[in-house]
Amino acid sequence: MIFLAKLLRLFTACAAVFLLNACASKPVSPSVSAENQVGLQVADSLSFAQVALKERVSDSLAVRPSWTYYQYALEAMDNQEWLLARHYLDESLRQLVSEKYDSLYRNVSVAEDSAYRVAMPLRIVRALDEVYPNVSELGENAETFQQNDVSIDGIDALDEKGADSASLVVIENFLDTVDVSQFTLPVEFNERVMQEIYYMTNGARKFTEGSLNRKTAYDSLIYAKMEEMGVPKDLIYLALVESGFKVKAYSRAKASGMWQFIPETGKRYGLEVDYWVDMRRNPEMATVAALKYLKRLYNEFGDWLLAMASYNCGEGRVRRLVKEMMADSSWDSTKAVTYWDLSLPKETMRYVPRILAAMVVGHFPEHYDMKIERQYQPDFDTVTVFDSFPLEEVAKLLKVSEDTLRTLNMELVKWCTPPNRDSYLLRLPVGTRSAFVDGYDKMEKNNFSSMHHHKVKRGENLGSIARQYGISVSELKLANDMKSDRIRAGKSLLIPIKVTPKKSTGKKPAKVKTYVVKLGDNLGSVARLFGVSQESLRIWNSMDAASVIKQGDTIFVSKPELKPSEEVPEVKRPSLKKGERYVVKSNDTFSAIAKSYGVPVMMLLQANGGYYKRLSVGDSLVIPEFVQPKTAPKAPAKADSKKQEPLVKKPEAKASDKKADAKNANVKNAEVYTVQSGDNLFAIAKKFGTTVADIQALNNMGESNSIYPGQKLKVAGSVPAQAPVANENEIIHEVKKGEGLWDIARQYKVTIEEIVKWNGLSDTRIKVGDKLKIQKSK
């Protein structure tokens with residue numbers, strides 16, 4: 001790095017002297033204008049990169065690696081990928097030096113070559129003037145960035161010295177002993193493949209060994225997807241050549257991720273790419289997308305090598321070259337055109353043999369003295385969030401580093417979970433889910449609902465832009481992950497648009513807001529509208545996990561602040577005849593209705609589907625029959641043992657009395673159950689084939705549902721209910737590690753509410769090993 005900086009200063013000084021002499025003595029070569037040599041004139045509304053990308057040089061100069069890497073740098077600058085831009089500018093300068101001694105690039109006149117070599121250092125310096133201030137703002141270690149995010153050894157390095165004949169003989173002798181049937185890709189051990197084996201085990205040895213080590217962390221995932229989709233398992237080495245299994249690899253003009261998708265192709269195969277997330281970095285999703293793409297290419301060309309070539313240079317070019325070859329009168333039309341028959345771009349001519357070479361080395365690392373140690377991805381918990389959180393806040397809450405969260409959620413591009421999504425599946429360090437849920441409401445959330453792009457004009461500063469949009473400078477800097485107040489004309493800033501809650505039209509106190517549910521609303525959309533959490537809405541509106549809202553409902557969207565002394569007067573409700581139903585009135589609750597009619601609230605909920613829906617005015621409720629268990633009268637203090645039996649025979653006990661007696665008898669046969677973490681009364685009752693009311697009665701709990709881990713409960717019934725058995729219209733899903741109801745609902749294309757209803761869950765908490773019934777879609 002120091003050497004390159006000194007070299008660049010020397011280049012610039014020499015170029016300036018040469019430029020003055022050249023301009024004084026003779027006209028400039030038409031391929032490079034005088035304006036380009038002394039610096040681009042950048043308009044106030046455009047960035048340097050936007051103007052520089054419009055520059056053109058002759059075709060003979062455009063093929064030079066120095067120009068290619070300079071173009072990559074400009075594209076990275078245009079995307080504000082400053083570390084990547086610096087990497088490409090360094091590489092452009094390195095290539096500029098090496099080109100002077102390479103006969104391959106002496107295909108232009110001396111004058112044109114000299115003018116180009118004068119202009120390029122000036123271009124690079126001008127670009128670095130834009131890059132270095134932004135790099136210093138990032139405060140990131142460039143070496144760490146290059147190790148983790150940029151891959152130049154895989155396919156960028158194409159001009160290494162080849163193997164001599166003696167080295168090729170050594171490689172060929174080993175290949176002669178190899179059984180090619182063990183490979184799942186068609187391989188031909190020709191000189192092109194052997195040259196790449198030499199490169200992978202010598203010039204790029206460190207890269208190859210590191211890639212094979214990183215491969216061990218992902219191969220089980222990738223092989224499982226390959227088996228599922230029916231593609232050759234050795235296609236995994238395409239990812240090695242593309243990225244070295246670096247999940248965040250970003251190189252070669254906007255390509256990103258382990259499988260190096262450009263944004264357009266990634267979006268075509270379901271990988272969302274925007275300001276907030278880049279799903280090309282998600283190993284599982286990117287692997288599925290890459291295999292779908294490769295499988296489609298194979299279906300078109302009928303050849304895996306042609307499919308890989310198309311992956312690199314585009315199917316259009318390969319399709320055209322194949323057609324041209326087939327149309328050539330000298331070609332034997334009875335033969336299929338193979339990859340080895342085509343004259344492809346230089347990179348693609350090396351690309352496919354390099355994958356085959358990586359496959360050979362990957363199968364026999366010990367032969368090439370490569371030390372491979374098994375690596376593992378960290379275990380994690382998942383939680384679905386409906387608010388946008390700064391990762392810094394989450395890290396503080398969980399007492400972990402922000403880098404730990406970024407490693408688990410590699411698709412996150414910016415400093416927070418995406419605010420432009422209905423929900424996001426956040427991965428947390430294993431064992432921290434409970435801490436996250438407990439601290440959910442305490443965390444600072446991003447109270448903006450959308451983003452606006454603002455292009456900086458000449459004379460503007462952060463203060464004037466913040467005032468224009470009614471936000472603070474700190475909020476503007478946070479949204480753009482800025483460390484300083486310096487901005488330049490032409491830069492695009494993200495403006496957070498704050499939530500503007502609708503004014504309440506109800507007659508509630510001024511501090512309490514209500515909202516009338518509209519068609520299409522759900523709990524998540526209302527929570528986002530008012531900048532609160534779904535959990536808060538449920539608490540404020542006495543809603544359980546399975547409750548849903550519907551059009552016309554009026555709900556609290558801020559915390560109700562009722563005075564403790566205020567009590568709701570007891571309402572006298574009409575007595576009901578047998579079979580008659582109660583019609584819900586305003587302010588009714590399940591608890592109040594149950595109390596009025598002397599039935600346990602849980603029994604009322606069970607009889608009327610109260611676990612799955614909210615109570616609304618006009619609902620018709622069944623009031624279940626319930627008789628309080630009779631307790632035996634206390635015996636007199638002094639009983640006359642000789643007292644005669646009454647002459648009148650006792651009347652036969654009523655059915656309800658028999659039922660109460662049976663319940664009392666169950667007390668003697670009750671089992672003692674120790675409450676486990678995550679238990680609730682409904683789940684325990686279901687497990688033992690009894691009711692919540694019976695458990696409450698046996699344990700003198702009244703109507704309380706509160707239990708705690710370690711508590712001993714009497715439960716009538718000794719045999720827990722058996723695991724659910726699926727009928728012909730159901731599937732039994734066993735909960736796996738890291739799964740939540742959101743994951744399962746997405747897998748089967750159903751809703752969380754439906755799973756809760758089908759399984760009689762009282763909340764959305766599930767644990768590994770639980771068996772859930774899923775109804776098949778009709």
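## Overall picture

Helices and strands here are DSSP runs, with at least four residues for a helix and at least two for a strand, numbered from the N terminus. Counted that way, the chain of this predicted model has 31 helices and 14 strands. Of its 778 residues, 45% are buried. The exposed surface comes to about 42,200 Å², and carbon and sulfur atoms contribute 53% of that area.

How do the contacts spread along the sequence? Taking contacts between residues at least 6 apart in sequence, 68% join residues at least 24 apart.

## Where to trust the coordinates

Before zooming in, a quick look at confidence is worthwhile. The chain has a mean pLDDT of 76, and 74% of its residues reach 70 or more. Residues 499-511 stay under 50, and the model gives this stretch 19 contacts beyond four places in sequence. Residues 718-722 also have a pLDDT below 50, with eight contacts in the model beyond near neighbours in sequence. Where pLDDT is low, the predicted coordinates should not be read in detail.

## A covered helix and the turn after it

Helix α12, residues 236-243, is mostly covered: eight of its eight residues are buried. The buried set includes hydrophobic names such as Ile 236, Leu 238 and Val 241, and also Glu 242 and Ser 243. What do these buried residues pack against? Their partners are α10 (191-201), α11 (205-229), α14, α15 and α17 (346-363).

Just after α12 comes Gly 244, with a positive phi near 70°. Phe 245 also has a positive phi, about 60°, although it is not a glycine. Most residues other than glycine have a negative phi, and most peptide bonds are trans. Phe 245 belongs to the loop between α12 and β1 (250-251). Its relative accessible area is 1%, under the 20% cut-off, so Phe 245 counts as buried.

## The aromatic cluster around Tyr 293

The structure holds 14 aromatic pairs. One of them joins Tyr 293 and Tyr 311, whose ring centres are 5.5 Å apart and whose planes meet at 40°, a tilted arrangement. This pair links distant parts of the chain: Tyr 293 sits in helix α14 (residues 283-301) and Tyr 311 in helix α15 (residues 304-313), 18 residues apart. Are these two tyrosines buried or exposed? Both Tyr 293 and Tyr 311 are buried. Together with Phe 261 and Tyr 269, they form one aromatic cluster.

A charged group joins the picture here, as Arg 268 lies over the face of Tyr 293 at 5.9 Å from the ring centre. Which residues does Glu 315 touch? Leaving out residues up to four places away in sequence, Glu 315 touches Arg 268, Tyr 293, Arg 296, Leu 297, Phe 301 and Ser 310. Glu 315 itself belongs to helix α16 (residues 315-327). With a relative accessibility of 13%, against a cut-off of 20%, Glu 315 counts as buried.

## A strand pair

Strand β3 covers residues 380-385, and five of its six residues are buried, so the rest of the structure largely encloses it. Strand β4 (residues 424-429) runs antiparallel to β3, and six bridges join the two. Which residue of β4 is the bridge partner of Thr 384? That partner is Leu 425. In a regular strand the side chains alternate between the two faces of the sheet.

## Two loop residues to look at

Lys 399 is another residue other than glycine with a positive phi, near 60°. You will find Lys 399 in the loop between α18 (391-398) and α19 (402-408). Is Lys 399 buried or exposed? Lys 399 has a relative accessible area of 74%, over the 50% cut-off, so it is exposed.

Asn 680 lies in the loop between β11 (671-674) and α28 (681-688). A relative accessible area of 15% is under 20%, so Asn 680 is buried. In sequence, Asn 680 and Ile 707 are 27 residues apart, while their C-alpha atoms are 7.0 Å apart in space.

Terms used:
Residues are numbered from 1 along each chain as its sequence is written. This is a predicted model: local features need pLDDT of at least 70, side-chain atom pairs count only at pLDDT 80 or more; totals for chains, interfaces and linings use all residues. Side-chain values use heavy atoms; hydrogens and water are left out. Buried means under 20% relative accessible area, exposed over 50%, partly exposed in between (1.4 Å probe, protein chains only). Contact means heavy atoms within 4.5 Å. Accessible areas come from the Shrake-Rupley method with a 1.4 Å probe; for residues, only the protein chains shown count as cover. Two strands pair if DSSP finds at least two bridges between them. Rings of Phe, Tyr and Trp (its six-membered ring) pair if their centres lie within 6.5 Å; planes under 30 degrees apart count as stacked, over 60 as edge-to-face and the rest as tilted. A charge sits over a ring if NZ of Lys or CZ of Arg is within 6 Å of the ring centre and within 35 degrees of the ring normal. pLDDT is the predictor's confidence in each residue, from 0 to 100.
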